[in-house]
There are 2 protein chains.
Amino acid sequence: MFEQPQTPAGSKSILDVLFGRPLSSEEDAKEQIGPAAGIPVFGLDALSSAAYGPEAALTILIPLGVAGVAYIVPLSLTIIVLLTIVYFSYRQTIAAYPQGGGSYTVASENLGAGAGLLAGASLMLDYVLNVAVGISAGVGALVSAVPSLQPHTLTLCLAILLILTLINLRGVREAGVAFMVPTYLFVACLGGVIVSGLVKILLHGGHPLPAVPITSPAPAVSAVGLWLLVKAFASGCTAITGVEAVSNGVQAFGEPRVKNARATLTTIIATLILLLAGIAYLCRVYGVAATPPGEHGYQSVLSQLTAAVNGRGAFYFVTMTAVVTALALSANTSFADFPRLCRAIADKGYLPFPFTIRGRRLVFSFGVYVLAILAGLLLIVFKGVTDRLIPLFAVGAFTAFTLSQAGMVMHWKRTKGKGAHVSMIVNGVGALATGLTTCVVIVAKFVEGAWITALLIPGLILLMSSVHRHYEMILRETECPTPARLRGITPPVVVLPLQRWSRVAEKALRFAYTLSREVIVLHIVPEGDEQPKDALTSVWDEYVEMPAVQAGLAPPKLVLLRSPFRLVLTPIVEYVLQLENELPNRLVSVLVPELVERQWYYYLLHNQRATALKVILYVRGNGRIIVINVPWYLRS
Amino acid sequence: MFEQPQTPAGSKSILDVLFGRPLSSEEDAKEQIGPAAGIPVFGLDALSSAAYGPEAALTILIPLGVAGVAYIVPLSLTIIVLLTIVYFSYRQTIAAYPQGGGSYTVASENLGAGAGLLAGASLMLDYVLNVAVGISAGVGALVSAVPSLQPHTLTLCLAILLILTLINLRGVREAGVAFMVPTYLFVACLGGVIVSGLVKILLHGGHPLPAVPITSPAPAVSAVGLWLLVKAFASGCTAITGVEAVSNGVQAFGEPRVKNARATLTTIIATLILLLAGIAYLCRVYGVAATPPGEHGYQSVLSQLTAAVNGRGAFYFVTMTAVVTALALSANTSFADFPRLCRAIADKGYLPFPFTIRGRRLVFSFGVYVLAILAGLLLIVFKGVTDRLIPLFAVGAFTAFTLSQAGMVMHWKRTKGKGAHVSMIVNGVGALATGLTTCVVIVAKFVEGAWITALLIPGLILLMSSVHRHYEMILRETECPTPARLRGITPPVVVLPLQRWSRVAEKALRFAYTLSREVIVLHIVPEGDEQPKDALTSVWDEYVEMPAVQAGLAPPKLVLLRSPFRLVLTPIVEYVLQLENELPNRLVSVLVPELVERQWYYYLLHNQRATALKVILYVRGNGRIIVINVPWYLRS
């Protein structure tokens with residue numbers, strides 16, 4: 001039941017408390033936002049990447065020991081250059097798609113349905129991974145601040161996932177304010193760390209003393225090599241994920257829409273660059289290396305850095321709180337985007353129809369469930385350790401980037417307006433850079449986990465195509481370009497299985513006679529019981545046959561079925577299938593009396609034979625059987 | 001679907017491979033067994049208690065350090081005395097109930113339904129706990145032999161549970177042989193340890209050297225006190241669980257039935273006494289104490305003892321294998337008993353009806369599922385550590401013992417035959433001893449976990465009574481001691497919601513006219529769409545109205561429903577409920593076209609609106625609504 005205008009009595013209040021009262025469509029009014037609100041809503045995802053991107057690169061450098069830390073600066077600069085290219089590319093998408101140009105839209109419109117599906121699949125995976133990485137990185141920050149929580153990493157991850165899921169099933173209308181404070185606090189705290197770190201570096205002539213002793217990196221176990229640096233770059237690229245959010249949501253901005261959106265994007269990217277550069281430089285000067293992830297004694301890089309610059313005082317705990325909150329909320333952005341993307345794909349028939357149904361709170365609940373389950377599986381499989389998720393992460397994001405930029409190249413090629421040529425080159429460079437990075441990431445991280453993404457994306461595409469094919473087939477098969485054939489309609493033969501005479505049986509019998517004058521009652525008799533005189537046969541003449549004759553109806557035909565097996569269903573199924581075969585032009589209606597209980601849990605007290613009977617008859621029959629449940633309402 | 005004579009195409013082979021082909025009732029032939037086969041089948045549960053009973057007592061004595069080990073001998077002697085009393089008591093039950101005298105039967109027949117329910121609830125809990133304790137103790141033995149597996153304790157427990165569940169869903173016809181080898185191997189190995197230990201003690205004048213160094217007990221942290229000894233006794237009493245099995249299964253023995261059953265019981269109890277006494281004495285002489293359970297470095301008492309006596313050679317590993325197998329199989333006995341007990345209770349209407357249905361393989365599958373789920377929950381909550389489960393365990397078993405003996409007292413009081421007086425005294429002593437032990441166990445272990453059992457048992461009884469009340473209510477409400485009223489049957493009004501014209505719609509319309517001449521078609525129109533010309537309304541005149549007129553039928557009434565909400569169901573529900581109110585003496589049939597897919601997973605592609613509509617109409621209506629799904633069969 002995906003849609004629930006009114007819940008059955010008894011369960012109403014709990015649902016309302018958990019999820020809030022149902023909302024009507026009219027309450028879906030759009031808010032028009034400016035850059036100040038736009039930065040938190042669309043920027044949190046990108047900005048919070050600063051909390052795991054540099055760390056992901058440093059983790060790869062662990063085998064180099066203390067020497068590895070030095071490489072973080074050139075690596076971060078490379079990533080910043082890439083980020084700048086991507087920035088200019090997306091500036092143009094914003095102008096070209098003021099109604100919102102997500103990768104799926106841009107790729108579908110400009111590169112065709114195939115590319116659209118590739119972009120869609122990549123994005124779907126990316127959103128799922130964003131939830132898992134955001135939560136696991138948040139918990140990573142939490143256990144850095146409170147090390148005694150480390151053994152409970154996975155439990156904490158799943159708890160946060162559950163909370164986010166419940167919040168999002170309630171709907172996220174108040175998201176604006178909820179995002180603003182944590183985002184600005186996150187930027188302010190990291191900015192504070194960087195600025196005070198820079199001041200201390202200046203004051204101490206480039207060699208500041210850490211406020212608390214720094215965990216010294218493990219001794220080097222390997223020499224530096226190009227391969228290691230490429231892998232570190234590939235991991236660090238996760239810092240770029242999330243920058244496409246503004247271009248997806250241009251329509252949310254107030255007028256002048258494009259200008260506001262571009263100003264927002266510029267601010268976000270500039271801030272992200274400053275954060276990445278600052279973190280890299282401070283890590284180098286303070287000698288902060290990554291600690292082995294997922295083990296006892298794990299300390300996130302940001303935690304070490306904050307403690308080294310300002311000590312483990314109040315500021316440390318405020319900063320870590322901001323980091324945890326920002327990361328958890330960045331996971332939350334996927335909860336808005338994933339269901340919307342799935343809905344767009346499902347609207348075109350490539351994903352199951354339930355993705356398009358809005359639930360009680362105007363949320364595409366089905367998408368929320370699917371996202372929560374997939375992210376939960378990822379967290380469980382990878383035990384909530386960010387480092388193990390990173391290799392899967394960037395592939396989807398960069399594939400979508402590449403397709404989006406490539407789509408823009410085709411867009412400009414078609415447009416041919418003033419400046420289209422320059423724009424084409426800008427997006428072309430973007431496509432090239434991100435395409436190259438995608439290849440680098442896949443190759444560098446293939447063994448560590450990118451192969452999973454590389455398998456899942458085509459798998460998803462295959463799945464979506466076959467869903468589409470199935471819907472097309474149904475449409476073709478049920479098309480009816482002709483008038484209804486309503487002449488010569490004959491009533492069905494009615495089959496009614498009964499074991500004992502009761503008011504339920506009486507109601508079913510009366511309904512049987514509204515359907516047809518030909519009623520067959522089936523009665524199961526245990527093998528060997530030659531002259532059955534049981535709860536039905538003993539009253540048959542008096543309670544059934546005579547009243548029928550008196551009412552001028554042909555009395556029902558009583559058929560006794562022997563059952564050598566313990567199964568009740570088999571003889572009924574065999575009889576009905578045979579009857580269907582013998583009457584090639586008639587419908588066979590099977591009436592099954594059914595108790596209607598007022599509380600769902602009472603259904604546990606009954607067997608599901610009626611359902612089983614229906615499934616079996618429909619699967620094995622020739623299309624002329626209709627199983628009808630005749631409800632009997634219990635009063636209490 | 002609890003009963004499945006024929007599975008839908010596609011899933012058949014997998015089920016058959018996993019669970020075996022379906023069996024007919026006739027294959028349920030009883031085997032008649034003698035004492036040699038009876039000891040494994042009915043004795044394994046009791047005998048394997050020797051593997052955790054003494055250890056449970058020793059674990060309580062850990063705080064006493066090395067001094068605690070000495071107390072195991074008097075404690076074990078007390079337990080052996082209790083066991084002897086129980087033995088004589090059950091000897092009499094065997095004679096009095098040669099058709100099988102389980103606690104539930106004896107208590108129901110002699111003490112009334114209430115006592116029967118108490119015994120039933122106690123036994124049900126006891127069976128669930130027996131599974132959990134058997135498996136966890138088996139895994140405890142396994143990780144003692146292979147310490148590197150210790151961190152995976154819970155995973156191993158759940159894996160064994162899964163295997164047992166699958167085996168039992170297949171049915172356990174070959175159980176006899178499967179039990180014989182492990183049981184005799186278990187007894188032989190433990191006997192071997194005890195005998196060789198005794199020989200070494202004799203040879204070394206009472207001070208044998210351990211073959212491998214013994215983990216020295218932690219230093220004493222408390223002095224001995226009565227309370228601690230009582231708790232150790234309460235834990236050790238778990239060694240007595242399982243001895244009721246023979247009296248439950250007397251009918252399985254060949255003639256002379258009572259004599260065979262008694263001989264079996266005698267052998268089992270005598271063996272168990274020798275094992276308990278031997279283990280206690282050896283522990284004392286060798287100074288084997290329990291190790292803290294659930295922690296790294298855990299070693300079961302039997303593992304330490306075997307290693308101390310004979311070293312960690314081949315014999316050690318054979319013994320540990322026998323212990324693991326015996327414990328896992330002792331868990332398996334609950335898989336036979338629990339579903340059978342639930343069936344007996346469900347037959348009297350105190351548990352849901354599905355417990356009485358035999359599945360494909362003549363197994364009461366529902367009981368197996370419930371047992372597996374409950375035992376799995378216990379294992380997860382208590383992390384697969386035997387010591388944490390022990391406090392919950394003995395309460396149920398001893399309550400059932402007490403009720404069974406007390407029932408026998410009443411039995412003899414009624415019988416008044418020759419020797420009835422003596423028998424009454426024997427059973428009275430048994431009832432007194434086990435009743436007293438029940439109280440001791442509840443009090444001594446209350447805080448550690450017995451409170452859970454003490455809450456669950458009355459909870460279960462309440463549940464069973466309310467199930468019974470509900471069934472009685474249904475029976476009363478549906479009773480129909482009058483002939484069928486078949487005069488003046490009027491056809492229903494038919495309501496058919498349609499969104500587009502298709503072959504599915506056409507079939508539903510034709511079926512509607514077999515039901516009644518009054519057909520109302522409901523069509524949802526989005527709010528504001530004043531002159532709808534959509535997939536249905538644009539073809540209405542040509543495809544629906546005209547053919548109806550030509551066929552001489554009243555054309556269907558087309559009702560357009562405006563929907564201000566995104567919900568499609570609400571307007572339909574409101575309309576149908578209003579219609580039902582306006583026509584106080586008519587049935588309202590709602591036809592819902594339904595696609596019949598050939599593979600179950602295609603159902604994920606469709607929404608469940610039909611189901612939702614049915615539930616809502618049945619819950620909110622006044623009992624005159626019948627929802628009929630008209631199936632449309634997809635050919636491919």
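## Exercises on salt bridges, a sheet and two residues

Over all chains, a search of the whole structure finds 12 salt bridges, each defined as a side-chain nitrogen of Lys or Arg within 4 Å of a carboxyl oxygen of Asp or Glu. This is a predicted model, in which local features need pLDDT of at least 70 and side-chain atom pairs count only at pLDDT 80 or more, while totals for chains, interfaces and linings use all residues. Residues are numbered from 1 along each chain as its sequence is written, chains are lettered from A and ligands numbered from 1 in the order in which they are written, and side-chain values use heavy atoms, with hydrogens and water left out.

**Exercise 1.** Find the salt-bridge partner of E506(B), and place both residues.

*Solution.* Start from the carboxylate: the side chain of E506(B) meets that of R485(A), at 2.9 Å from N to O. Next, locate the ends: this pair crosses between chains, from helix 18 of chain B to the loop between helix 17 (446-478) and strand 1 (493-497) of chain A. Helices (H or I, at least four residues) and strands (E, at least two) are DSSP runs, numbered from the N terminus. Finally, check accessibility, where buried means under 20% relative accessible area, exposed over 50%, and partly exposed in between (1.4 Å probe, protein chains only). E506(B) is buried at 5%, whereas R485(A) is exposed at 53%.

**Exercise 2.** Describe the salt bridge between E518(B) and R586(B).

*Solution.* First the distance: the closest N and O atoms of the two residues are 2.8 Å apart. Then the positions: E518(B) sits in the loop between helix 18 and strand 2 (519-526) of chain B, and R586(B) in the loop between helix 20 (569-582) and strand 4 (588-596), so the pair links parts of the chain 68 residues apart. Last, the surroundings: E518(B) is partly exposed at 40%, while R586(B) is buried at 19%.

**Exercise 3.** Work out the strand order of the sheet in chain B.

*Solution.* Two strands pair if DSSP finds at least two bridges between them. Following the pairs gives an open sheet of five strands in the order 3-2-1-4-5, with parallel pairing. Its edges are strand 3 (557-563) and strand 5 (625-633), each pairing on one side only. From one strand to the next, the twist averages 30°. Now zoom in on one pair: strand 4 and strand 5 of chain B are joined by nine bridges, and V590(B) has V627(B) as its bridge partner in strand 5.

**Exercise 4.** Place Q499(B) and list its contacts beyond four places in sequence.

*Solution.* Begin with the backbone: Q499(B) is in the loop between strand 1 (493-497) and helix 18 (503-515) of chain B. With 42% relative accessibility, Q499(B) is partly exposed. Its contacts (heavy atoms within 4.5 Å), leaving aside neighbours within four places, are H523(B), I524(B), A535(B) and L536(B). Look closer at I524(B): its backbone nitrogen lies 2.9 Å from a polar atom of the Q499(B) side chain. The C-alpha atoms of Q499(B) and I524(B) are 6.9 Å apart, with their positions 25 residues apart in sequence.

**Exercise 5.** Decide whether S589(A) is buried or exposed, and find its contact in chain B.

*Solution.* S589(A) belongs to strand 4 (residues 588-596) of chain A. Its relative accessible area is 0%, so S589(A) is buried. Within chain A, the contacts of S589(A) include V494(A), L515(A) and I628(A). From chain B, F511(B) is in contact with S589(A).

Methods. A polar contact is a pair of N or O atoms within 3.5 Å; within protein, one must be able to donate a hydrogen and the other to accept it, and residues adjacent in sequence count only if both atoms are side-chain atoms. Axes are lines fitted to C-alpha atoms, for helices over the stretch in contact, and angles run from 0 to 180 degrees between N-to-C directions.
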